[in-house]
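Visitor: I am new here. Could you walk me through what is on display?

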Amino acid sequence: MNTPSNLQRPRICVLAFPRLARLVEQAAAELSEQLELIVEHRRFSDAIAQAQALIARGDVDAFISAGANGAQLRRQLEHPVALVQVSGFDIMAALVQAARLSRQNPPRIGLITYETVSAELDELSSLLRIDLHLARYRDAAHVRELSTALRSQGVDVLIGPSLVTEAAEQAGMASVFLYTADAARRALDEALAAARVRAIEQGRRRQLSAIISQLHDGVLAIDTQQQVWLANQAMCEMLGIPETHLRGQSLAQLIPELDAGEVLQAGADAALGRVFKLGRQRMVGKLIPLDEGGVRSGAVLTVQAASSIERAGRDLQRHARSTTARARHTLDDLIGDSAAMQSLRKLAARYASLDLTVLIHGESGTGKELVAQGIHRASPRAAEAFIAINCAAMPENLLESELFGYEEGAFTGAAKGGKAGLLEAAQHGTVFLDEIGDMSPALQVRLLRVLQEREVLRVGGREPIPIDVRIIAATHRVLAEEIRAGRFRQDLYYRINGLHLSIPPLRERREDLPALIAQLLQRKPGRVAVSAQLQQQFLHAARGYAWPGNVRELENLLERLLAIAQDLPAAADAELFALLYPEWSPKLDKTAPGELHVARQTAERQQLEAALRASQGNVQEAARALGISRTTLWRKLGKQARR
Ligand SMILES: Nc1ncnc2c1ncn2[C@@H]1O[C@H](COP(=O)(O)OP(=O)(O)OP(=O)(O)O)[C@@H](O)[C@H]1O
């Protein structure tokens with residue numbers, strides 16, 4: 001059995017006739033610390049069967065045998081077989097002993113062996129004045145034949161192995177056993193060395209097997225004839241064939257797409273990569289040549305499912321982006337205790353736990369993205385990516401490739417290797433589609449497909465990629481109107497309107513203003529203290545204002561206040577506020593109701609123009625100064641231009 005002590009002491013089995021086996025046993029007695037000896041008195045086919053049984057049980061590391069028995073074992077076993085071989089000295093000693101036993105003059109001696117013995121024996125026999133008859137036997141019957149023939153020629157002593165001494169006995173002749181203790185000892189040393197080498201090799205092979213069996217990739221080794229000699233578990237599973245059946249099969253039959261011929265011929269750094277199908281799965285295989293001591297001994301094939309490589313690539317990409325794709329806000333960042341805000345907070349918290357699409361409606365700057373981030377952070381996807389994209393902020397083509405990604409060569413300038421879209425990059429996380437009402441009809445169709453099939457098709461791609469993302473969409477538009485006007489698909493609307501949230505504009509919840517002013521001022525980095533009195537005055541003056549840019553605008557106007565707070569008296573007068581905030585101009589409020597609309601438009605246009613002038617045409621900067629988003633500014637500019 002494979003106990004550790006057995007593994008340290010090689011197990012050596014003597015398969016021989018009793019007389020030789022005894023010799024080996026005697027020689028082994030001195031080496032009992034170093035080896036374990038198994039003695040089997042078997043002959044020929046019996047010996048082979050016994051050896052194979054020992055090997056199958058893993059009970060033996062090397063064999064010792066001799067003569068015809070040994071030759072047969074060597075031919076049929078892969079285990080090392082050490083042969084007890086006679087030296088010239090052994091033969092000379094046997095000849096001297098045989099000459100003494102012979103009654104003939106000169107002594108008539110027969111030497112019967114399996115292997116050829118040295119031709120120099122002729123000289124030796126004439127030197128010893130012996131009439132020596134040499135013969136080689138094939139098997140036991142042949143030994144008997146030879147001994148009878150030699151006896152009829154007057155030979156009265158036979159030298160040879162056990163078979164020969166037994167036959168001599170039967171024929172009434174004297175005999176000398178050819179094998180000596182020295183020969184047995186030499187065979188033992190050889191068997192011991194071979195067993196040690198084999199144990200080292202086996203240990204290495206076991207380690208290698210243990211390592212490759214752990215790999216998720218399929219691994220298979222072929223010899224120079226392209227025949228499999230090793231395969232790991234993953235490979236067997238991929239091919240659906242057990243390892244014992246795989247061994248010896250030709251690679252070309254297993255995977256016809258892989259022609260190993262080229263790699264087996266090519267230089268050491270040659271490798272062949274191929275995409276092929278196993279059943280319905282697309283696989284990527286790589287064949288690398290294997291050299292042993294500078295000689296090509298075969299090749300190794302590694303195989304992976306294409307989908308796992310793609311997944312790994314996507315994970316990498318996702319990881320690369322996720323650092324910039326985190327949600328900063330939680331629902332606790334949502335300021336305001338108006339009834340509307342309280343129920344919004346509650347509803348958003350409940351929606352967070354339901355893994356459904358959410359549609360948020362609200363004017364620009366009302367906090368739609370803040371709510372979306374808060375929902376994500378309170379949802380089970382919180383640890384994953386949160387990626388926001390404004391559907392109104394870029395041309396259709398760009399939005400398409402940003403959202404869905406593209407394959408290499410999908411269009412001129414497409415990056416090498418293609419690129420994952422945001423829907424892929426947000427895998428397991430949340431995608432916030434801002435201004436979804438502004439999405440083109442063609443992209444609406446593609447998005448609908450993503451939501452229905454839960455898979456995304458890259459631009460120029462053929463294989464859909466499964467995705468698991470939660471969509472939160474937002475718009476300032478009334479989508480029912482957009483549907484009526486034929487600009488928004490009804491089926492997409494039903495898909496995204498699973499859960500609905502509406503954020504009222506700031507002018508409809510002015511009771512939130514005090515809390516917003518106080519807390520937003522506090523949150524400003526490097527803030528300057530703004531006296532309670534000044535805050536009150538700001539609130540008072542701002543009350544009548546319509547807040548078209550909602551909370552974002554409020555944030556910006558508060559920044560203006562902070563910028564000059566240090567230079568303001570503790571209590572500023574109304575005139576000063578009028579200067580600081582021309583947008584609050586009482587002119588507008590005093591205008592008669594009929595003209596109010598026109599007056600607002602004019603004032604708005606003047607403001608937009610002033611801001612753009614001040615920013616030298618930089619829309620981003622102008623939007624910031626006005627406290628509205630870039631999209632809103634574009635929209636307002638478009639409206640003004642149409643008037
Ligand atoms: N209730 C609120 N409490 C605190 N901060 C708010 C609130 N509402 C909005 N904000 C702040 O106002 C700014 C604009 O909010 P957000 O970007 O979420 O609005 P939005 O509705 O998505 O705007 P847009 O449609 O223009 O993209 C952000 O800085 C946000 O933190």
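**Around the ligand**

Guide: This is a predicted model. The shell around the ligand holds 4 nonpolar, 9 polar and 6 charged residues.

Visitor: Which residues come nearest to the ligand?

Guide: There are 19 residues around the ligand. Those that come nearest are Gly-367, Lys-368, Glu-369, Val-551 and Ser-629.

Visitor: Which elements give two or more residues to that shell?

Guide: Look for two helices. One covers residues 550-564 and is H24. The other covers residues 368-378. The elements asked for are H24 and H16.

Visitor: Is helix H15 parallel, perpendicular or oblique to H16?

Guide: H15 spans residues 339-353, and its axis comes within 8 Å of the H16 axis. The two axes cross at roughly 45°. Angles under 35 degrees would count as roughly parallel, and 65 to 115 as roughly perpendicular. The crossing angle fits neither range, so H15 is oblique to H16.

Visitor: How do the residues of that contact divide by class?

Guide: From H15 come Ala-348, Ala-349, Tyr-351 and Ala-352. They meet Val-371, Gly-374, Ile-375 and Ala-378 in H16. Gly counts as polar. The division is 7 nonpolar, 1 polar and no charged.

Visitor: Is Ala-603 buried, exposed or partly exposed?

Guide: Ala-603 is found in helix H27, residues 593-614. It has 16 C-beta neighbours inside 10 Å. Buried takes 20 or more, and exposed takes 12 or fewer. Ala-603 therefore counts as partly exposed.

Visitor: How far apart in space are Ala-603 and Glu-583?

Guide: In sequence they are 20 residues apart. In space, C-alpha to C-alpha, the distance is 8.0 Å.

Note on methods. Residues are numbered from 1 along each chain as its sequence is written. This is a predicted model: local features need pLDDT of at least 70, side-chain atom pairs count only at pLDDT 80 or more; totals for chains, interfaces and linings use all residues. Helices (H or I, at least four residues) and strands (E, at least two) are DSSP runs, numbered from the N terminus. Axes are lines fitted to C-alpha atoms, for helices over the stretch in contact, and angles run from 0 to 180 degrees between N-to-C directions. Angles under 35 degrees count as roughly parallel, over 145 as roughly antiparallel, 65 to 115 as roughly perpendicular and the rest as oblique. Two residues are in contact if their C-beta atoms, placed from the backbone, lie within 7 Å. A residue is near a molecule or strand if its C-beta atom, placed from the backbone, lies within 6 Å of it.
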